[in-house]
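User: I am new to this model and would like to learn how to read it. Could you walk me through a few features with me?

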Amino acid sequence: MGASAIAQGLFRETPEPTLIGGRNRDTGRIVFPCPDDAARWEPIDLPRRGTLWSWTVQRFRPKSPPYIGPEDFTPFAIGYVELPGATIVETQIVGADFDSLTIGMAMKLVTTDFATAANGDAIRLYAFTPATEA
Amino acid sequence: MQDVYIVGIGIHPFGRSEGLSGLQQGANAARAAMADAGLAWPDMEFGFGGSDSAGNADTIVNELGLTGLPFINVKNGCATGGSALIGSWQAIASGAHDVGIAIGFDKHPRGAFNAMPAEYSLPDWYGEAGFMVTTQFFAMKLQRYMALHGISPTSLGRVAEKAFRNAVHADHAWRRSPVDLDTILNAPMISDPLTKYMFCSPAEGGVALVLASAKKARELGRDQVRIKAAVIRTRPPGSFEVFAPSMDIERGGAPTLLASKAAYEMAGIGPEDIDLAQLQDTESGAEIMHMAENGFCADGDQEEWLANGWTNIDGRLPVNTDGGCLACGEPIGASGLRQVYENALQLRGLGGGRQVPGDPRTAYSHVYGAPGISGVTILER
C-alpha cells in the first residue's frame with residue numbers, strides 16, 4: 001500500500017515536511033496554501049515550527065461529502081499554529097492529549113495518514129504536533 | 001432622507017414545521033405582519049426578501065397575490081434578513097415609496113450546516129480534511145478569547161441558561177423548556193469548549209416586517225417604532241472568519257466593530273443609550289464576544305456581567321430577550337429579522353412574560369455570519 005498527498009502543492013515531505021505558502025509579489029503578504037496564480041503569488045517554504053494560536057476538538061464526524069476520513073470516527077483536534085514571520089495556518093493536531101493543548105505551546109510540522117483512498121492507499125495530510133525538544 | 005417606521009410585524013414560529021415549505025412560512029409571516037399593520041398585500045408598494053436554503057423569495061407572489069409589485073431577492077448569507085430590511089428602509093427613506101415589506105425565511109435540513117469548499121472559493125482538500133465545519137471556527141475564536149480575557153466555562157453556561165429561560169415566554173421560540181446550569185455545563189462536548197446546549201441548531205421559520213413613511217405610519221396609527229439605523233459591513237483586514245486556511249499574524253478588526261460604529265453614528269447615540277439588545281448567539285460564546293464588539297462592555301467584563309445577571313430580562317441591558325438563536329434555532333434567512341421583530345415587540349410593550357421592564361425606548365440588533373459579514377439595526381420609540 002502506498003500513500004499519496006491529499007493535494008499537490010500543499011507540502012513537501014523531504015528532506016523534512018514543509019508547508020508551501022504563497023508570498024504576494026506586490027505586498028509581501030504570506031498566505032497558505034499558495035494561490036494558483038503565479039503572476040501574483042510566489043511559492044515559499046513556511047517555517048516548520050510555531051506556536052499554538054487556538055484549538056478545539058472535532059467531537060462529531062463531519063458530513064461526507066466533503067469529509068473523507070474514516071467512517072469509524074474518532075474525535076480529532078484541530079487548531080491554528082502561528083508560524084513566526086509568516087502566517088497562522090489551520091491544521092489537524094496529532095500526537096497530543098486533548099487536555100494538554102494550551103495556547104502558546106510549541107508545535108512542529110508532521111504528516112498524518114488520516115484517510116484511505118478507494119484503492120487502499122493512505123491519504124496524507126500535513127499536521128502539527130507538540131514540539132517537545134528545543 | 002425621511003424617517004422610516006416599522007408598522008407591522010409578523011412571525012411564523014421557529015423550529016420545525018413539517019409539511020410547510022420555507023416560502024410558505026415566509027408567507028405566513030407576511031400575512032401576520034400585514035394584518036398587524038392593518039394592511040393587505042395589494043397595499044405593498046414593494047418587497048425585499050430572501051432565504052439561504054429555501055428558494056427565491058419573489059415566488060412568494062404565488063402565495064400572496066399577483067399584484068405586479070417590484071420584489072427584489074436578497075441572498076446575503078446570515079445578513080439576508082438584515083439586507084432585506086436595509087433595502088426596504090432605503091426604498092422608503094429615499095422618498096421613492098411609502099410602504100413595503102421585508103421578508104426572510106428558511107428551512108434547513110437537520111444536523112450541522114454542510115458547506116462545500118467550492119461555494120467558498122476553497123480547494124477540495126480543505127473539506128476532505130474535515131475543516132469545512134462552522135462549529136470549529138466558533139470554538140477556536142472563543143477558545144482564544146477566553147484565554148486572553150479570562151472568560152470561564154461557567155459564563156458560557158449562563159448565556160445558554162438565560163436563553164432557554166427567556167424562551168419559555170416567547171411563543172415563536174423552538175426550545176422553550178428551561179435547562180439548568182449544571183446540565184448545560186456537563187452535556188456532551190460538541191467542539192471544545194462548547195457543549196451541545198451552547199450551540200444553536202439549523203432550523204426553520206419566517207419573519208416579515210412592514211415598513212412605512214412617517215406620513216403613512218401616522219395614517220395607520222402606527223408611528224411608534226422608528227428605524228434609527230440599519231447598516232451592514234463586510235470584514236476588514238485581519239479579521240478572523242469562518243473557513244480560513246490561514247490568516248495574517250497581524251490581527252485586525254472585525255465586521256461587527258465596523259457595523260456597530262456605523263450604526264451608532266447613524267443613530268446619533270452610543271451603547272450607553274441602548275435599553276435592550278439582540279446579539280448574534282450562534283453559540284453562547286458568540287453572545288459574550290459580541291457584547292464587547294458592539295460596545296456594551298470591555299473585553300473580559302462579561303464575567304462580572306453574567307455573574308450579576310446584568311443581561312437578564314430585568315438586568316441593566318437585557319440581551320436576547322426571546323432566547324436568541326440558542327433557543328429559536330437558526331433559519332439563516334429569517335434570524336436577522338427575528339431580532340428586529342423582537343425589538344419592535346418589546347418597544348411596543350407586547351413582550352408578555354419576557355417584556356423588558358422600565359418602558360424601553362431604544363433597541364439594538366446584531367447579526368453576524370459567514371464569510372465575515374455583520375448587520376446592525378437600532379430602533380427607537
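User: Which residue forms a salt bridge with B:Asp359, and how far apart are the closest N and O atoms?

Analyst: Let me start with the general idea. Side chains of opposite charge can pair when their charged atoms come close. The term salt bridge is used here for a side-chain nitrogen of Lys or Arg within 4 Å of a carboxyl oxygen of Asp or Glu. In this structure the partner of B:Asp359 is B:Arg381, with the closest N and O atoms 2.5 Å apart. The pair links distant parts of the chain, 22 residues apart: B:Asp359 is in the loop between H13 and S11 of chain B, and B:Arg381 is in the segment after strand S12 (373-380). Labels such as these come from DSSP runs numbered from the N terminus, where helices are H or I with at least four residues and strands are E with at least two.

User: Before we go on, what should I know about the model and its numbering?

Analyst: The model is predicted, so local features need pLDDT of at least 70 and side-chain atom pairs count only at pLDDT 80 or more, while totals for chains, interfaces and linings use all residues. Residues are numbered from 1 along each chain as its sequence is written, chains are lettered from A and ligands numbered from 1 in the order in which they are written, and side-chain values use heavy atoms, with hydrogens and water left out.

User: Is B:Arg381 buried or exposed, or partly exposed?

Analyst: Accessibility is read in three classes: buried is under 20% relative accessible area, exposed is over 50%, and partly exposed is in between (1.4 Å probe, protein chains only). B:Arg381 counts as partly exposed because its relative accessibility is 25%.

User: How many salt bridges does a search of the whole structure find?

Analyst: There are 27 over all chains. One of them joins B:Asp192 to A:Arg59, with the closest N and O atoms 2.7 Å apart. This pair crosses between chains, from the loop between S5 and S6 of chain B to the loop between S6 and S7 of chain A. B:Asp192 is buried, at 8% relative accessibility, whereas A:Arg59 is partly exposed, at 30%.

User: Where else could I look for a pair like that?

Analyst: Try B:Lys75 and B:Asp52, which form a salt bridge with their closest N and O atoms 4.0 Å apart. They are 23 residues apart and link distant parts of the chain. B:Lys75 is exposed, with a relative accessible area of 60%, and B:Asp52 is partly exposed, at 26%.

User: Which peptide bond that ends at B:Pro193 is cis?

Analyst: For this feature, look at the omega angle. The bond from B:Asp192 to B:Pro193 is cis, with omega near 10°, so we meet the buried B:Asp192 again. In chain A, the bond from A:Pro65 to A:Pro66 is cis too, with omega near 15°, and A:Pro66 lies in the loop between strand S6 (49-58) and strand S7 (76-83).

User: What is phi of B:Asn320?

Analyst: Phi is another backbone angle to read. For B:Asn320 it is near 55°, a positive value in a residue other than glycine. This residue is buried, with a relative accessible area of 1%, in the loop between helix H11 (302-307) and helix H12 (324-328) of chain B. B:Asp359 also has a positive phi, near 60°.
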